[in-house]
Amino acid sequence: MDSTRFQRAAEILRAAQRIAVLTGAGISAESGVPTFRGEDGLWRQFRAEDLATPEAFARDPKTVWEWYDWRRGIIGKVNPNPGHMVLAQWEKKLSGFKLITQNVDGLHARAGSTKILELHGNIWKTRCTKEETVAENLEVPLKQIPPACPACGALLRPHIVWFGESLDPDILRRAIGASSLCDVMLVVGTSAFVQPAASLPLRASAAGAKIIEINPDPTPLTHYADVSLHGKAGEILPRIDQILSLPS
Ligand code: APR
């Protein structure tokens, strides 16, 4: 890919006062976390309606938990990649930086990012189906499937937003705010298929922000992008970072 696009992306980022980043499963692909709709994506192997809906959980919480336990097993063995690391660095060095992720894998936090809006929840958290209390659980494998609430004994569920469920209104409000106010939105590794996440870059673009997309493949957002960098996030983000050469 010619370097002018990288230069252009760096220029836009350098000039920005407020930067918002939206990430999807693609940023964790190079760490070894399966995406959802890619070649060996999870939704190619499994039926979402059997595993990632409140109805599926009501029907068969054990099978749902066995699947999440399997995914936690994969994620627990991998590490953040250079793509995650660069974004964690930029949070510290670039002004008005906001990170919005669809990922539940927790790799942004492990890379050092602290200001993260997790739109779809977190696979390392559980929620009590009776008291709604949210707690961290890092057991791999889970000691008990399905796990029970240590306080009241009720069934725990993964603290994940399933298909057909609404996002946390406070997190969504803040993501919409960051999207509407940013000067540039970097969209990394998402097929831009799932709403409301996929509409955030459109809000940013409609509010006058520049869009920089990083993805090996074109997406419905490519049309709106001022700069499209077709490649892997773990390779492209470090290259932009090099050009930016921010003081350490
Ligand atoms: N770097 C950047 N992008 C990549 C890479 C990579 N190394 N590898 C794959 N991609 C791109 C793919 O081309 C694809 O466009 O990442 C995207 C992954 O898309 P999906 O698998 O659809 O994942 P995502 O967009 O995050 O899914 C959104 O759907 O299933 C639900 O809740 C789940 O959060 C998820 C949501």
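Here are a few worked exercises on the ligand site, the two sheets and some backbone oddities of this structure.

Before you start: this is a predicted model, where local features need pLDDT of at least 70, side-chain atom pairs count only at pLDDT 80 or more, and totals for chains, interfaces and linings use all residues. Residues are numbered from 1 along each chain as its sequence is written, and side-chain values use heavy atoms, with hydrogens and water left out.

**Exercise 1. Work out what surrounds the ligand and which backbone atoms it meets.**

Step 1: Collect the shell, taking a residue as near if one of its heavy atoms lies within 4 Å of the molecule. You get 22 residues, and the closest are Arg37, Trp43, Thr190, Ser191 and Asn215.

Step 2: Sort them by type. Ala, Val, Leu, Ile, Met, Phe, Trp, Tyr, Cys and Pro go in the nonpolar bin, Asp, Glu, Lys and Arg in the charged bin, and the others, Gly among them, in the polar one. The shell comes out as 8 nonpolar, 10 polar and 4 charged residues.

Step 3: Look for polar contacts, meaning pairs of N or O atoms within 3.5 Å; within protein, one must be able to donate a hydrogen and the other to accept it, and residues adjacent in sequence count only if both atoms are side-chain atoms. Ligand oxygen atoms sit 2.8 Å from a polar backbone atom of alanine 25 and 3.2 Å from one of glutamine 102. On the nitrogen side, a backbone N or O atom of alanine 233 is 2.9 Å from a ligand nitrogen.

Step 4: Check the burial, using Shrake-Rupley areas with a 1.4 Å probe (for residues, only the protein chains shown count as cover). On its own the ligand exposes 730 Å², and the protein buries 90% of that.

**Exercise 2. Trace the parallel sheet and find the helices packed on it.**

Step 1: Assign elements from DSSP runs, numbered from the N terminus: helices are H or I with at least four residues, strands are E with at least two. Two strands pair if DSSP finds at least two bridges between them.

Step 2: Read off the order. The 6 strands run β3-β2-β1-β7-β8-β9 in an open sheet with parallel pairing. Its edges are β3 (116–118) and β9 (227–229), each paired on one side only.

Step 3: Zoom in on one pair. Strand β8 (residues 210–214) is joined to β9 by 3 bridges, and isoleucine 212 has valine 227 as its bridge partner there.

Step 4: Add the helices, with contact meaning heavy atoms within 4.5 Å. Angles run from 0 to 180 degrees between N-to-C directions, with axes fitted to C-alpha atoms, for helices over the stretch in contact. Helix α7 (residues 82–93) touches β1, β2 and β7, at about 145 degrees to β2. Helix α11 (residues 233–244) touches β7, β8 and β9, at about 135 degrees to β8.

**Exercise 3. Do the antiparallel sheet, then hunt for unusual backbone geometry.**

Step 1: Here 3 strands make an open sheet, ordered β5-β4-β6, with antiparallel pairing. The twist averages 45 degrees from one strand to the next.

Step 2: Strand β4 (residues 121–128) shares 3 bridges with β5, where valine 134 stands opposite arginine 127.

Step 3: Scan omega. The bond from valine 140 to proline 141 is cis, with omega near -5 degrees, and proline 141 is in the loop between β5 and β6. The bond from glutamine 195 to proline 196 is also cis, with omega near 5 degrees.

Step 4: Scan phi. Glutamate 132 has a positive phi of about 65 degrees although it is not a glycine; this residue is in the loop between β4 and β5.
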